[in-house]
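Hi there,

Here is the structure I promised to pass on to you. My notes follow below it, in the order in which I think they read best.

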Amino acid sequence: MDKVIKVILLTNSERLVSEIVEIGADIGEPDCKLIKPHEIWEGHNLVPWMMDDTNQTEFMISSDKIITIADPNSDLLEKYLEKIN
């Protein structure tokens, strides 16, 4: 199965680039798994999400915390793949 890598805009205005997997869940439970999410800073600088708080690389999040999901442009995708590999 191919990785699905997307740009994710959260309700708190954070922008992430991450592999994302939709998970079946009960209403109110987290239903998206983010794998190796990185926060997008100015100039497409990428920083592991929540790096000051955890060494974890997989996070569960509820889709109601997501405003939109989009495909990353080729420059951002290339930078992200370099960071995670």
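**Helix 1 and its two faces**

Helix 1 covers residues 74–84, and its buried residues include Leu76, Tyr80 and Ile84. Looking down the helix axis, the buried residues fall within an arc of 60 degrees, so they line one face of the helix. That fits the general rule: an α-helix has 3.6 residues a turn, so residues three or four places apart point the same way. On the face turned away from the buried side, you will find the exposed residues Ser74, Glu78 and Glu82. Please keep in mind throughout that this is a predicted model.

What do the buried residues of helix 1 pack against? Their partners are strand 1 (5–10), strand 2 (15–22), strand 3 and strand 4. At the N-terminal end, helix 1 is capped by Asn73, which has a side-chain oxygen 3.2 Å from the backbone nitrogen of Asp75.

**Strand 1 and its partners**

Strand 1 is a good place to go next. Five of its six residues are buried, so strand 1 is largely enclosed by the rest of the structure. Strand 1 runs antiparallel to strand 2, and five bridges join them. Strand 1 also pairs with strand 6, again in the antiparallel sense, over four bridges. Ile8 shows both pairings: it stands opposite Leu16 in strand 2 and opposite Ile69 in strand 6.

The hairpin of strand 1 and strand 2 has four residues between the strands, and Ser13 there takes a positive phi near 75 degrees.

In strand 6 (residues 66–70) you may like to look at Thr68. With 41% relative accessibility, Thr68 counts as partly exposed. Beyond its neighbours within four places in sequence, Thr68 is in contact with Val7, Ile8 and Leu9. Asp2, 66 residues away from Thr68 in sequence, is 21 Å from it in space, C-alpha to C-alpha.

**Strands 3 and 4**

Strand 3 and strand 4 are antiparallel and pair over four bridges. One of the bridge partners to check is Pro48 in strand 4, which pairs with His38. These two strands form a hairpin with three residues between them, and Gly43 in the turn has a positive phi of about 75 degrees.

Which residues other than glycine have a positive phi? Lys36 is one of them, at about 55 degrees, and Met50 is another, with phi near 60 degrees. Both are worth a glance, because most residues other than glycine have a negative phi. Lys36 lies in strand 3 and is partly exposed, with a relative accessible area of 34%. Met50 is in the loop between strand 4 and strand 5, and is partly exposed too, at 35% relative accessible area.

**The nonpolar cores**

The largest nonpolar core has ten residues: Ile8, Leu10, Leu16, Ile20, Cys32, Leu34, Trp49, Phe59, Ile61 and Ile66. At least two residues of this core come from each of strand 1, strand 2, strand 3 and strand 5. Apart from it lies another core, of eight residues, among them Ile5, Val7, Ile40 and Ile84.

Within the ten-residue core, is Cys32 buried or exposed? Cys32 is buried, because its relative accessible area is 8% and the cut-off is under 20%. Cys32 sits in strand 3 (residues 32–41). Setting aside neighbours within four places in sequence, Cys32 is in contact with Ile20, Val21, Phe59, Met60, Ile61, Ser63 and Ile66. The C-alpha atoms of Cys32 and Ile67 are 13 Å apart, with their positions 35 residues apart along the chain. Ile61, with the same sequence neighbours left aside, is in contact with Leu10, Pro30, Asp31, Cys32 and Leu34.

**The aromatic pair**

How many aromatic pairs does the structure hold? There is one. Trp49 and Phe59 form it edge-to-face, 5.2 Å centre to centre and with 70 degrees between the planes. The pair links distant parts of the chain, ten residues apart: Trp49 is in the loop between strand 4 (45–48) and strand 5 (58–61), and Phe59 is in strand 5. Both rings belong to buried residues, Trp49 at 12% relative accessibility and Phe59 at 8%.

Happy browsing, and all the best!

Notes:
Residues are numbered from 1 along each chain as its sequence is written. This is a predicted model: local features need pLDDT of at least 70, side-chain atom pairs count only at pLDDT 80 or more; totals for chains, interfaces and linings use all residues. Side-chain values use heavy atoms; hydrogens and water are left out. Buried means under 20% relative accessible area, exposed over 50%, partly exposed in between (1.4 Å probe, protein chains only). Contact means heavy atoms within 4.5 Å. Rings of Phe, Tyr and Trp (its six-membered ring) pair if their centres lie within 6.5 Å; planes under 30 degrees apart count as stacked, over 60 as edge-to-face and the rest as tilted. Two strands pair if DSSP finds at least two bridges between them. The arc is that of the directions from the helix axis to the C-beta atoms. A polar contact is a pair of N or O atoms within 3.5 Å; within protein, one must be able to donate a hydrogen and the other to accept it, and residues adjacent in sequence count only if both atoms are side-chain atoms. A nonpolar core is a set of buried Ala, Val, Leu, Ile, Met, Phe, Trp, Tyr and Cys residues joined through side-chain atoms within 4.5 Å.
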